[in-house]
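Dear colleague,

I am passing on the structure we spoke about, with the sequence alongside. Please have it open while you read the notes underneath.

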Amino acid sequence: MTSRSSTLPSSTISLKLLLPLLAAIIAMSPLAIDMYLPAMPVISLALDSNIAVVQNTLSVYLFGYAVGLLIFGPLADKHSRRLLVMLGVGGFTLTTLMLPWCQSIEQFFTLRFFQAMISSAATVVVPGTIREYYGDNSAKGFSYVSMIMMLAPMIAPSIGSALLVMHSWQLIFYVLAIYSFIVFLLSYKYLPEVRRTTNHKKMSAFQRYKIVLANHKARADLLSIMMISLAFFGYITAIPFIYLTVFKTSEFTFSILFAANVLALMTAHFINTRLVVRKGSRTMLISGLVVATIASSGLMLVSYWQLPIQYTVVTLLPLMGSFSMIAVNAEALLMKAFAENAGTATAVIGTLRFGIGALAGPILTAFYDGSAFPFALLLWSSVMLVLLLQCFRQLKY
């Protein structure tokens, strides 16, 4: 029988400082994904390729990240979390420094895969670390971290564009490497350690995955995260088409509307941090689900009747906020259920999240009809499945 981990800080650090550090670690991947987007046409020319091939480096990155989660997840429950962060952030820095020296698209693909895979060694420990320090109030910690790290995808494309204008596409990766090196130094100095008992270390990766996947009570929350991820990736995939093509907005208007939805996500996280301690993660999850059900149903009707853009905007804002509230509280509940196997649970969540998210594009393509209705239908269907899962869980447990 395993014993509970004991937290042995390598250096005293307050929660107010720990959470920004954890957010900075997680933000490496959003920055790695979004900073080089404006440079894709230039990279395709530099590497004698085409834009369609370069775009696939995003899929390669996501695949590498998912593979890394499967490898490092169980290791995070067995070995030093601090050591894994050093490995992940250090490896990310080195591979990022090598990217500007690529001479072919094949080299670029290979380095992007390893850049993502090694970085997951650092990010996979974050939920478990939050769980160690926040305990039953983990959802509050998750919300704070999510709020902070959401700034990364908001500003990353603008940073990439500025660096491209200033010098070259290579500078984007040099700046990203400098950022990750600073995170490495801060983690080395301030990140606390968590050591485990000998009995806990004897468990194999297979045993850890079995514990997570065989837990019937936690299955509804795990599947809920999957479906919300499908809806969210559906939004990311389709929203440029919806605003720019269906409603024919300008690029500037699109950026404002996109930022408004990000602000809605951040607002929901802030509300969650204020209420989750008193209400509990389960109550906040259900509250978010009620909002999602109403908002997604409204979006369905708006899209079916092809109403003006303001109706879509009004329904999307609360829907995006509700997605974040459902996901962050479901993850907090899972971390509570798998306190001794937080790394493995994080690996399972991450792999399923990215796996199901990859299906959003093909699903939307299959039902494409030139309107916003398939997009609205995907989001509504995902929410309805979450509603069924949570209702089934309430009735059974």
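What follows goes from the whole protein to one of its helices and then to one of its pockets.

Please keep in mind throughout that this is a predicted model. The protein is built with 19 helices and two strands, and of its 397 residues 53% are buried. When contacts between residues at least 6 apart in sequence are considered, 85% of them join residues that are at least 24 apart. The surface that the protein exposes comes to about 17,700 Å², and 70% of that area is supplied by carbon and sulfur atoms.

Helix 5, which runs over residues 81–98, has 18 residues and spans 26 Å from its first C-alpha to its last, close to the 26 Å expected at 1.5 Å a residue. This helix is mostly covered, with 13 of its 18 residues buried.

The second largest pocket holds about 200 Å³ of space, and its lining is formed by 12 residues, among which Ala238, Phe241, Leu364, Thr365 and Tyr368 lie nearest the centre. Two or more lining residues come from each of helix 13 (216–246), helix 18 (360–366) and helix 19 (373–396), and it is helix 13 that gives the most, with four residues. In character, the lining of the second largest pocket divides into seven nonpolar residues, four polar ones and one charged residue.

With best wishes

Conventions:
Residues numbered from 1 in each chain as written. Predicted model: local features only at pLDDT ≥ 70, side-chain atom pairs only at ≥ 80, totals over all residues. Heavy atoms only, no water. 1 Å grid on protein atoms, 1.4 Å probe; cavity = no way out; pocket = protein on both sides within 12 Å on 5 of 7 lines; lining within 4 Å. Points joined across faces, edges and corners; volume = space filled by probe spheres on them. Nonpolar A, V, L, I, M, F, W, Y, C, P; charged D, E, K, R; others polar. Buried < 20%, exposed > 50% of the residue type's maximum accessible area, 1.4 Å probe, protein only. Contact = heavy atoms within 4.5 Å. Areas by Shrake-Rupley, 256 points an atom, 1.4 Å probe, with all protein chains shown as cover. Expected span 1.5 Å × (residues − 1).
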